[in-house]
Amino acid sequence: MVKHQPLQVYEKQVFVSFVTGIYGCRWKRYQRSQEDSSRWECAWFIILCSSFFLLLFWAYFWLVAQNDFNEFNWSVYNRSGEWRDETIPILTSTTVGFSYITFLMILALFHISLGQQMNLYWVHKIGVLATLITTISGVVTVDDIWGDEWDILLVSLQSTAPFLHLGALATLTAISWLVAGYVVRRERSNFHVMVLLIYIVILLALYLAPLTFTCPCIMDRHSLRPRPDIIGRRGAPMLAPENTMVSFNRALQHGASSLEADVTISVDGVPFLMRDRTLRRTTDVSKVFPARQYDDASFFNWTEIRSLNAGQWFLESDPYWTVETLTARDRSRIGNQTVCSLVEMLRLAARANGSALLDIRKPPPEHPRYRSWFMDTLWAVQKAGISQKRVTWTPDTDRGRVRGLQQTANEKLSVEEIRQRGITSLTLHYSKASHKDIQEYLANNVSVTVYPVNDPWLLSVLWCSGVPSVSSDAPQVLRKVPYPIWLMSQNAYNFIWITSDLVSLAVVIGIFCFQKWRMSGMQNYNPEQIMLSAVTRRSSRDVNIMKEKLIFSELNNGLSSTEELSLYPENGYARYSDGGVSD
């Protein structure tokens with residue numbers, strides 16, 4: 001008697017080879033295993049997941065922080081003294097790193113889905129660690145030089161939360177396939193129960209997450225207030241050098257109803273427009289007055305200031321990648337710009353029937369005009385011929401001396417403080433102006449201007465909140481936003497929310513039931529029957545036979561060595577004799 005073991009048949013598994021080959025450099029079948037991954041490899045999977053979620057957070061931050069790229073570059077300039085667009089290398093490295101980690105994450109999830117043992121290749125381990133360390137370094141650096149910018153994450157959720165919720169719901173629903181396969185196909189243990197409970201808790205929390213959302217654009221469209229007025233902040237600095245006549249003209253051409261400028265008082269009492277403390281960044285002071293390039297701009301007289309070129313730097317540095325879009329005539333005009341005086345800007349606003357918002361920088365105590373800066377500014381307003389009611393300035397000090405001029409505070413105040421100071425308007429950073437605060441100010445007849453607003457999503461959120469005006473570096477961008485980018489009634493959103501939750505719940509339950517049915521069927525089926533049926537279903541030419549084993553067992557004290565055993569090929573066997581194997 002001969003006991004036969006069925007032929008072991010292997011089929012090509014191209015997809016499995018692709019997944020295990022790229023992830024762990026395991027291209028051959030004998031290199032793969034379906035045993036449990038080691039604790040070391042599980043630890044690397046946790047590191048990979050941590051890198052993915054950190055990079056996801058990092059990429060989202062820079063996506064919404066586009067509104068403030070100009071502020072970031074300015075912060076870096078104040079520290080380094082050199083003006084460069086530092087966002088380009090950050091965005092490039094973030095895109096490459098996120099794409100790489102996401103690809104590895106997908107491969108790791110395929111390993112779990114296919115039941116393959118995870119074994120991350122050492123090259124990938126170095127890449128994951130390098131990406132993780134680089135991202136952590138970036139987070140620490142941004143927190144040091146631009147820590148206030150983290151507030152934009154909470155502000156952005158007022159616009160993106162409903163869409164992020166749907167994306168997270170779809171992702172977590174898809175992951176239920178892996179969770180169900182992991183929990184159902186194995187014997188129960190405390191760890192498996194813990195995984196299941198954690199998944200259920202996260203899923204339930206996600207189902208109820210919309211209860212915590214504050215989205216101004218979830219409202220009745222009939223309650224939408226008029227579009228906010230656009231204030232050209234330093235003109236249109238993305239199209240022309242900031243605080244120059246060309247920049248202010250461009251802002252008015254692109255729909256700005258008001259102009260905002262930074263005012264500095266010269267040593268001989270002439271108010272002029274300059275954002276920085278020095279003249280280095282936006283003029284050629286390093287060529288004309290090299291010994292004084294680091295001096296405070298207010299210690300130059302007007303004649304010296306007027307002799308400086310205030311446009312050539314824009315053409316050379318191209319801070320917003322817009323110079324290529326300029327015509328030869330525009331470049332010639334920009335290249336001949338000089339520092340703009342306050343009188344010139346106010347006259348332009350008066351001709352355009354607009355208004356002006358002035359951010360005045362007081363001279364230092366040792367400045368000759370330290371005590372007369374207010375009168376110098378008032379003289380410029382009167383000389384420009386603009387109505388004083390159309391001029392608003394900060395800070396809101398010296399109110400006893402201001403008659404006819406509008407003053408605004410650039411800090412968040414309570415309604416009681418506003419009434420005590422006699423202020424009728426506030427100019428606030430968008431991170432300080434919550435939806436609740438805006439509604440309270442408007443209910444008490446306090447006008448609110450929010451800055452800087454450069455992206456359509458932020459304008460839409462503030463528009464839905466009822467903000468009367470916004471200050472922008474990009475009026476040419478906001479001009480293309482005639483309506484909030486999305487607006488939805490509360491009933492419509494409730495329907496979408498509840499429907500998506502119910503669909504997700506039904507899909508998750510269905511996946512768990514299917515996985516349990518599939519695994520129970522496999523456990524009740526004889527593996528030898530699976531192997532033999534697989535052979536009989538397919539023709540021999542479609543099957544690659546890689547390994548054969550014949551196990552012979554003797555019965556009744558075995559067979560003699562001279563006995564010949566005949567195995568018939570027509571029945572799927574080979575012929576064996578003491579001379580060997582013959583077909």
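# Exercises on helices, loops and salt bridges

Helices α1 (14-24) and α4 (87-114) each supply at least two residues of a nonpolar patch. The structure is a predicted model, and the exercises below are to be worked with that in mind.

## Exercise 1. The nonpolar patch

Identify the residues that form the nonpolar patch on the surface, and determine which helix gives the largest share of them.

*Solution.* Begin with the membership: the patch is made up of Phe15, Phe18, Phe103, Ile106, Phe110 and Leu114, which together have about 510 Å² of accessible area. Next, assign the residues to helices; α4 contributes the largest share, with 4 residues. Finally, take one member as a check: phenylalanine 103 lies in α4, and because its relative accessibility is 37%, phenylalanine 103 counts as partly exposed.

## Exercise 2. Helix packing around α4

Describe how α4 packs against α1 and against α5, and classify each pair by its angle.

*Solution.* The description needs two quantities, since two packed helices are described by the angle between their axes and the distance between the axes. For α1 and α4, the axes come within 10 Å and cross at roughly 130°, and the two helices are therefore oblique to each other. The handedness completes this pair, as α1 passes α4 in a left-handed crossing. For α4 and helix α5 (residues 122-145), the axes are 11 Å apart and the angle is about 135°, which makes α4 oblique to α5. Here too the handedness can be stated, for α4 passes α5 in a left-handed crossing.

## Exercise 3. A second helix pair

Determine whether helix α6 (residues 151-184) and helix α7 (residues 190-208) are roughly parallel or roughly antiparallel, starting from their angle.

*Solution.* The axes of α6 and α7 come within 11 Å and cross at roughly 160°. Angles over 145 degrees count as roughly antiparallel, so α6 is roughly antiparallel to α7. As to the sense of the crossing, α6 passes α7 in a left-handed manner.

## Exercise 4. Helix α17 and its flanks

Establish whether helix α17 (residues 456-465) is enclosed or open, and examine the backbone on either side of this helix.

*Solution.* Count the buried residues first: 9 of the 10 residues of α17 are buried, so the helix is largely enclosed by the rest of the structure. Among them are Trp457, Trp463 and Cys464. Then consider what comes after the helix, where glycine 466 follows α17 with a positive phi, near 95°. On the other side, proline 452 lies in the loop between β9 (447-451) and α17, and a cis peptide bond with omega of about -25° joins tyrosine 451 to proline 452.

## Exercise 5. Positive phi outside glycine

For tryptophan 321 and asparagine 353, locate each residue and decide whether its side is buried or exposed.

*Solution.* Tryptophan 321 has a positive phi near 60° in a residue other than glycine, and it is found in the loop between α11 (312-317) and α12 (328-335). With a relative accessibility of 59%, tryptophan 321 counts as exposed. Asparagine 353, likewise not a glycine, has a positive phi of about 60° and lies in the loop between α13 (342-351) and β5 (355-360). Its relative accessible area is 64%, so asparagine 353 is exposed.

## Exercise 6. Salt bridges

Trace the salt bridges of arginine 281, and set them beside the bridge between arginine 79 and aspartate 144.

*Solution.* Arginine 281 forms a salt bridge with glutamate 242, in which the closest N and O atoms are 2.8 Å apart. This pair links distant parts of the chain, 39 residues apart, with arginine 281 in the loop between β4 (271-273) and α9 (285-288) and glutamate 242 in the loop between β2 (229-233) and α8 (245-253). The side chain of arginine 281 also meets that of aspartate 276 in a salt bridge, at 2.7 Å from N to O. Turning to accessibility, arginine 281 is buried at 6%, glutamate 242 counts as buried at 8%, and aspartate 276 is buried as well.

The side chains of arginine 79 and aspartate 144 meet in a salt bridge at 3.6 Å, N to O. Arginine 79 belongs to helix α3 (residues 69-80) and aspartate 144 to helix α5, 65 residues apart. Unlike the buried arginine 281, arginine 79 is exposed, with a relative accessible area of 53%.

Terms used: Residues numbered from 1 in each chain as written. Predicted model: local features only at pLDDT ≥ 70, side-chain atom pairs only at ≥ 80, totals over all residues. Heavy atoms only, no water. Patch = residues over 30% accessible without salt bridge, like charges linked within 9 Å, V, L, I, M, F, W, Y side chains within 5 Å. Areas by Shrake-Rupley, 256 points an atom, 1.4 Å probe, with all protein chains shown as cover. Salt bridge = Lys/Arg side-chain N within 4 Å of Asp/Glu carboxyl O. Buried < 20%, exposed > 50% of the residue type's maximum accessible area, 1.4 Å probe, protein only. Axes fitted to C-alpha atoms, helices over the stretch in contact; angles between N-to-C directions. Parallel < 35°, antiparallel > 145°, perpendicular 65-115°, else oblique. Left-handed = near helix turned anticlockwise from the far one by under 90°.
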